[in-house]
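Trainee: I am new to this structure. Please take me through one part closely: the contact between the two chains, seen from one side.

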Amino acid sequence: MAADDEGDRTKRRAGFVPYALLSPGMIWLILFFLVPLATLLKTSLSAKPSRFVPDVEFGWEFSNYTDSLSTYSEQFIRSFVYAGAATLLCVAIGYPVAYVIATRGGRFKNVLLGLVVVPFFTSFLIRTLSWQSVLSDNGPAVFLLERLHLMGLLDAAGIAENGRLLATHAAVIGGLTYNFLPFMILPIYVSLEKIDLRLTEAAKDLYSNGWQAFRKVVLPLSLPGVFAGSLLTFIPAAGDFINAAFLGSPNNSMIGSVVQNRFLEQGDTPTAAALSFILMAIITVGTLIYARLLGTEDLV
Amino acid sequence: MATDRPPEAALGRVGRWSLTAVAAAGFVFLFIPIAGIIAFSFNDPAGKFNIVWKGFTLDNWRDPFTPGPLTDAMILSLKVAAISALAATILGSLIALALVRYRFKGGVIVNLLLVLPLTTPEIVMGSSLATLFFDIGVDRSIRTVIIAHVLFCTSFVALTVKARIRGFDWSLEDAAMDLGATPWRTFSRITLPLITPGILAAALLSFALSIDDFIITLFNAGPTDETFPLRIYSASRTELPAQINVLATIVLLVSVAVLILGTLFKRRLDDA
């Protein structure tokens, strides 16, 4: 077998070679990813004697964790609810887009994929600012919806609040959905592209109807894409604070907003560190449970 | 014939119709803010904030690269992205080569260490790196920004290149050596041409990730280092000149041009 040959050959001349290739990058990852996580943990258990001096003193201050959890539980819950809603919306929009490109793109597949990516060549902040002006009180969205007499309906549905689209839950969730949508579309597209679509024909030959063929054949085979896309959407969305800052009001602030404020503006690094650690712990545990549920543990 | 039918025919007429409608709405959604950015590059704003439409003008386009903080920030971002992408491409490609070509102990740990940065929220990465720099007494500067950018780009490069070169027929290398090629000649004539497309794609991805990074940069930049996203963020509180829209539109046009040229180039390569 080729694989065995390769194994034998590489074993012969491997020795230190792979480690030499790995070490520069791995040293970088250890020094600037793992070590910082350790200092973050240390800082999260430190006390800050003075507001005006940036130094912190380590001392097993577990109260940082309990205090920040009780003070900011609202922002934590909001972050996960917003990120969850954005992820669901991304699947609802992204799956059909990926499905249509994969099954009906034909010669235009690459063009359509390009169209998905092109909007994201502009800066993340500029895109979000553009949503801000589109949704603003004097902006085109409110104007159009008022002309169509739909604002009342949106108010009733809880999407608009008092005739406003900006500074609402829906605006922040919509912004998160928008900004992370390609991270959902592309992995789903990749997994759909791999499926031999004749399988659906086989399913129908075996007397399943169209919906069954989709549900029993295509959907399960595309789940790895949905899984990867959900992680790539949910994780950055849960830690984001730009959409909340530009599209929400102070009532829509997320945990990222708090970390940013505590760390960079108040200089309260222990609280910021504790909040960061809690966020990471929840996301890691959540990812493991999610992987178990969907049965796709080998993500890479 | 049944096998010629498009597979979504399975969904029935209503299913197909609604699928197309949702997908079309998705594409419209993707381009709403882009249309806004382009339109507002022609706006003649009343005050400092280019947010409300006042009237059409071409003035903003007369001199898009007017010297000033925005242009400076753009140049700084281009430099940071070029350096970070280059460094991350080298580090990441070496890791990918080691993972695909060699058997060694600890591969699982290497893979885990590559994936972890991607499943860590930016705010955690940014704040943890900043605590490290604070802890060891390193002042935050453009150097610490580059360190951070190389970090998250390296993971992306390693995973992208690994995925691209996994299925290659490496026995070609043996064939070259059997035919008397020196190791260096084998590398430059066989290995390099095989892995170059994947590496180029990864380098472009790194460049794009670096130039647009905001959260990690915010935590690790010195007080006077303003990359383009940082400049936009501080501007968003005091003024939003139409120049931002003009620059964004130019970046968009250049990217689309690169995309089209790349596609045409690839097509010619495929035809040849």
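Mentor: Here is a walk through that contact, with a short stop at two loop residues afterwards. Keep in mind that this is a predicted model.

Start with the head count. Chain B brings 79 residues to the contact. Chain A brings 82.

Now stay on chain B. Which helices supply at least two residues each to the side that touches chain A? They are H1 (12–40), H2 (69–101), H3 (107–115), H4 (122–135) and H5 (142–165), along with H9 (228–238) and H10 (242–271). H1(B) gives the largest share, 17 residues.

Next, look at the make-up of this side of chain B. Nonpolar residues number 55. Another 18 are polar. Six are charged.

Now cross to chain A for the two loop residues. Take A:His149 to begin with. Find it in the loop between H6 (140–147) and H7 (151–157) of chain A. Its phi is near 55 degrees, a positive value in a residue other than glycine. Is A:His149 buried or exposed? Count the other C-beta atoms within 10 Å: there are 8. The cut-off for exposed is 12 or fewer, so A:His149 is exposed.

Then move along to A:Ala167. This residue sits in the loop between H7 and H8 (169–194) of chain A. A:Ala167 is not a glycine either, yet its phi is positive, about 60 degrees. Here the count is 20 C-beta neighbours inside 10 Å. Buried needs 20 or more, so A:Ala167 counts as buried.

Terms used. Residues numbered from 1 in each chain as written. Chains lettered and ligands numbered in written order. Predicted model: local features only at pLDDT ≥ 70, side-chain atom pairs only at ≥ 80, totals over all residues. Contact = placed C-beta atoms within 7 Å. Helix = DSSP H or I, 4+ residues; strand = E, 2+ residues; numbered from the N terminus. Nonpolar A, V, L, I, M, F, W, Y, C, P; charged D, E, K, R; others polar.
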